[in-house]
Amino acid sequence: MTTATVKDQIKEVTKCLMSCSYFINRHVKIMEQSAEEGDYGGRWIPFTLWDEQENALEQILDNQRVIILKARQLGFTWLLLAVILWMMIFRPGSECLIFSRREKEANYLLKDRLRKMYEQLPEILTYQ
């Protein structure tokens, strides 16, 4: 590894540390949803935040407690999982709780979605 590469990696990790939005837009991937409602096809695509998601992210990060009246297909579950992922990496000791209607769904979010989001990250952002 050259010195320039190490410096570039340090700069990139620092940018991610300083901005959750940058981290999500630059490095987080989500599973693409097929045309059939609720069917995820298994292909991971970059997570590019919409303006509304950027606004929600700002509120989440600026406030200790946020209540979101959530509808389907808005990407808020993916957004919240991405925030949890960022906090796990850059804010160790943060407390993040995942609730869902049923325990099975919460486990799915944690064990399938969040874990696989972590696995999609570049090596410089993971503890390998």
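**Close-up views of a predicted model**

**View 1. Ser21 is a buried residue of the predicted model.** Its relative accessible area is 18%. That value is under 20%, so Ser21 counts as buried. The residue sits in helix α2, which spans residues 20–27. Which residues does Ser21 contact, apart from neighbours within four places in sequence? They are Leu49, Glu54 and Leu57. Glu54 and Leu57 return in View 5, where α2 meets α3.

**View 2. The whole protein chain has five helices and two strands.** Along the sequence, the elements run α-α-β-β-α-α-α. The chain has 128 residues, and 28% of them are buried. Consider next the contacts with a separation of 6 or more. Of these, 56% link residues 24 or more positions apart. The accessible surface comes to about 9,200 Å². Carbon and sulfur atoms hold 52% of that surface.

**View 3. Phe76 lies in helix α4.** The helix covers residues 76–90. Is Phe76 buried or exposed? Phe76 is buried, with a relative accessible area of 14%. The cut-off is 20%, and Phe76 falls under it. Leaving out residues up to four places away in sequence, Phe76 touches Ala56, Ile68 and Lys70. Leu57 offers a distance to check. Phe76 and Leu57 are 19 residues apart in sequence. In space, their C-alpha atoms are 9.5 Å apart. Leu57 is also one of the residues in contact with Ser21.

**View 4. Helices α2 and α4 cross at roughly 110°.** Two packed helices are described by the angle between their axes and the distance between the axes. Here the axes come within 10 Å. The angle makes α2 roughly perpendicular to α4, because angles of 65 to 115 degrees count as such. The crossing is right-handed. Which residues of α2 take part? Cys20, Phe23 and Ile24 do. On the α4 side they meet Leu79, Ala82, Val83, Leu85, Trp86, Ile89 and Phe90. By class, this contact has ten nonpolar residues, no polar ones and no charged ones.

**View 5. Helix α2 also packs against helix α3.** Helix α3 covers residues 51–62. The angle is about 135°, and the axes are 10 Å apart. The two helices are therefore oblique to each other. As α2 passes α3, the crossing is right-handed. Cys20, Ser21, Ile24 and Asn25 come from α2. Their partners in α3 are Glu54, Leu57 and Leu61. The residues divide into four nonpolar, two polar and one charged. Ser21, the buried residue of View 1, belongs to this contact. Cys20 and Ile24 take part here, and they also meet α4 in View 4.

**View 6. Helix α4 packs against helix α5.** Helix α5 runs over residues 103–120. The two helices meet at an angle of about 65°, with axes 10 Å apart. Their crossing is right-handed. From α4 come Thr77, Trp78, Leu81, Ala82, Ile84, Leu85, Met88 and Ile89. From α5 come Leu109, Arg113, Leu114, Met117 and Tyr118. How many of these residues are nonpolar, polar and charged? Eleven are nonpolar, one is polar and one is charged. Ala82, Leu85 and Ile89 contribute to this contact, and they also meet α2 in View 4.

Technical notes:
Residues numbered from 1 in each chain as written. Predicted model: local features only at pLDDT ≥ 70, side-chain atom pairs only at ≥ 80, totals over all residues. Heavy atoms only, no water. Buried < 20%, exposed > 50% of the residue type's maximum accessible area, 1.4 Å probe, protein only. Contact = heavy atoms within 4.5 Å. Areas by Shrake-Rupley, 256 points an atom, 1.4 Å probe, with all protein chains shown as cover. Axes fitted to C-alpha atoms, helices over the stretch in contact; angles between N-to-C directions. Parallel < 35°, antiparallel > 145°, perpendicular 65-115°, else oblique. Left-handed = near helix turned anticlockwise from the far one by under 90°. Nonpolar A, V, L, I, M, F, W, Y, C, P; charged D, E, K, R; others polar.
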